[in-house]
Amino acid sequence: MSRPRVVIFCGNLRRPSRSRVLAEALGAEVGRRAPVDLRVYDILDAGPGFGSALARADLPLPAARIIDEIESADALIVGTPVYKGAYTGLFKHLIDFVDPGRLTDKPVALTATGGGLRHALMVEYALRPLFGFFAALIVPTAVYASEADFKESGDEGGHIVTDAGIRARLDCAAHELTRLISKRAGVAEAVIQPARTAQ
Ligand SMILES: Cc1cc2nc3c(=O)[nH]c(=O)nc-3n(C[C@H](O)[C@H](O)[C@H](O)COP(=O)(O)O)c2cc1C
């Protein structure tokens with residue numbers, strides 16, 4: 001059986017990005033717990049012209065591919081920087097193209113970074129309702145980190161998460177997401193098995 005595909009989609013508009021680092025750190029924790037196929041995308045991967053598209057048919061190919069990946073993933077890890085108290089505009093613009101029925105029951109973990117703690121609950125008041133709209137299976141632990149929770153990695157201006165509290169929340173969220181992924185894979189196996197033996 002192929003490995004469950006976990007797609008990380010992050011709303012950062014620049015690289016290096018703390019938000020992408022946080023979402024990838026959660027992906028790595030999931031990868032430590034179970035064999036998964038991890039794929040990472042951000043707004044820069046969506047390509048130029050994506051911001052002006054109004055219909056899915058108008059999307060540049062790279063953006064259309066990301067949406068296909070999100071819709072067909074076995075699980076999602078989403079991340080975004082906080083801009084003016086919420087997710088970035090282009091993060092929402094991409095999610096606006098996702099078919100409303102394609103995230104139903106999909107395991108989703110939420111992450112975000114901000115300048116400080118003022119908007120730490122943004123994961124709860126902005127990201128959680130957005131994925132609730134899609135009837136996704138959102139894990140209970142969302143992970144928010146502020147700039148002070150990172151230190152420079154010395155790797156082309158990159159960052160690593162250093163705060164022990166954030167690492168503990170990543171651990172929790174990864175545990176919850178992995179459990180949902182395994183459960184879903186188990187159910188799929190149980191449903192698929194009789195059909196295979198009948199052939
Ligand atoms: C246009 C803009 C708006 C921002 N608004 C907020 C905000 O409302 N609250 C906050 O905590 N941080 C805010 N920030 C800070 C970023 O969320 C923070 O630096 C974040 O970690 C950047 O993530 P990135 O490295 O992935 O780009 C803002 C930054 C920018 C550029």
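Colleague: Which residues are the closest to the ligand, and how many surround it?

Modeller: This is a predicted model. In it, 18 residues surround the ligand. Ser17, Ser19, Pro81, Gly114 and Gly115 are the closest.

Colleague: Which elements supply at least two residues of that shell?

Modeller: Helix H1, residues 18-33, and strand S4, residues 107-114. H1 gives the most, with three residues.

Colleague: How does the shell divide into nonpolar, polar and charged?

Modeller: Nine residues are polar, six are charged and three are nonpolar.

Colleague: Back to H1. What is its reach from first C-alpha to last?

Modeller: H1 spans 23 Å with its 16 residues. That is close to the 22 Å expected at 1.5 Å a residue.

Colleague: Is H1 mostly covered or mostly exposed?

Modeller: Mostly covered. Twelve of the 16 residues in H1 are buried. Among them are Arg18, Ser19, Arg20 and Glu24, along with Leu22 and Leu26.

Colleague: And the nonpolar core, what are the residues with the most contacts inside it?

Modeller: For the largest core, they are Phe9, Leu26, Leu76 and Val143. That core has 54 residues.

Colleague: Take valine 143. What is it in contact with, leaving aside neighbours within four places in sequence?

Modeller: Valine 143 contacts Leu22 and Leu26. The rest of its list is Thr111, Ile166, Arg169, Leu170 and Ala173. Leu22 and Leu26 are both among the buried residues of H1.

Colleague: Switching to prolines. Where is proline 107?

Modeller: Proline 107 is in strand S4.

Colleague: Why does proline 107 count as buried?

Modeller: Proline 107 counts as buried because it has 26 C-beta neighbours inside 10 Å, and the cut-off for buried is 20 or more.

Colleague: What does proline 107 touch, beyond residues up to four places away in sequence?

Modeller: Ala75, Leu137, Val139, Leu177, Leu180, Ile181 and Arg184.

Colleague: How far is proline 107 from threonine 80 in space?

Modeller: Their C-alpha atoms are 18 Å apart. In sequence, proline 107 and threonine 80 are 27 residues apart.

Colleague: What about proline 48, buried or exposed?

Modeller: Proline 48 counts as exposed, because it has 10 C-beta neighbours inside 10 Å; exposed takes 12 or fewer. Proline 48 is placed in the loop between strand S2, residues 37-42, and helix H2, residues 61-72.

Colleague: How far is proline 48 from alanine 63?

Modeller: The C-alpha atoms of proline 48 and alanine 63 are separated by 9.1 Å. Along the chain, these two are 15 residues apart.

Colleague: One more residue. Where is isoleucine 95, and is it buried or exposed?

Modeller: Isoleucine 95 is in helix H3, residues 89-95. With 20 C-beta neighbours inside 10 Å, isoleucine 95 counts as buried. From isoleucine 95 to lysine 151 is 30 Å, C-alpha to C-alpha. Those two are 56 residues apart in sequence.

Colleague: Now the whole protein. How many helices and strands?

Modeller: Five helices and eight strands. From the N terminus, the order is β-α-β-α-β-α-β-α-β-β-β-β-α. The radius of gyration is 17 Å, close to the 16 Å that the globule rule gives for 199 residues, so the protein is as compact as a globular protein of that length.

Colleague: What box do the C-alpha atoms fill?

Modeller: Roughly 55 × 40 × 30 Å, along the principal axes.

Colleague: And what share of the residues count as buried?

Modeller: 39% of the 199 residues. As for contacts between residues at least 6 apart in sequence, 74% join residues at least 24 apart.

How values were computed
Residues are numbered from 1 along each chain as its sequence is written. This is a predicted model: local features need pLDDT of at least 70, side-chain atom pairs count only at pLDDT 80 or more; totals for chains, interfaces and linings use all residues. A residue is near a molecule or strand if its C-beta atom, placed from the backbone, lies within 6 Å of it. Helices (H or I, at least four residues) and strands (E, at least two) are DSSP runs, numbered from the N terminus. Ala, Val, Leu, Ile, Met, Phe, Trp, Tyr, Cys and Pro count as nonpolar, Asp, Glu, Lys and Arg as charged, and the others, Gly among them, as polar. The expected span of a helix is 1.5 Å times one less than its number of residues. Two residues are in contact if their C-beta atoms, placed from the backbone, lie within 7 Å. A nonpolar core is a set of buried Ala, Val, Leu, Ile, Met, Phe, Trp, Tyr and Cys residues joined through C-beta atoms within 7 Å. The radius of gyration is taken over C-alpha atoms; the globule rule is 2.2 Å times the number of residues to the power 0.38.
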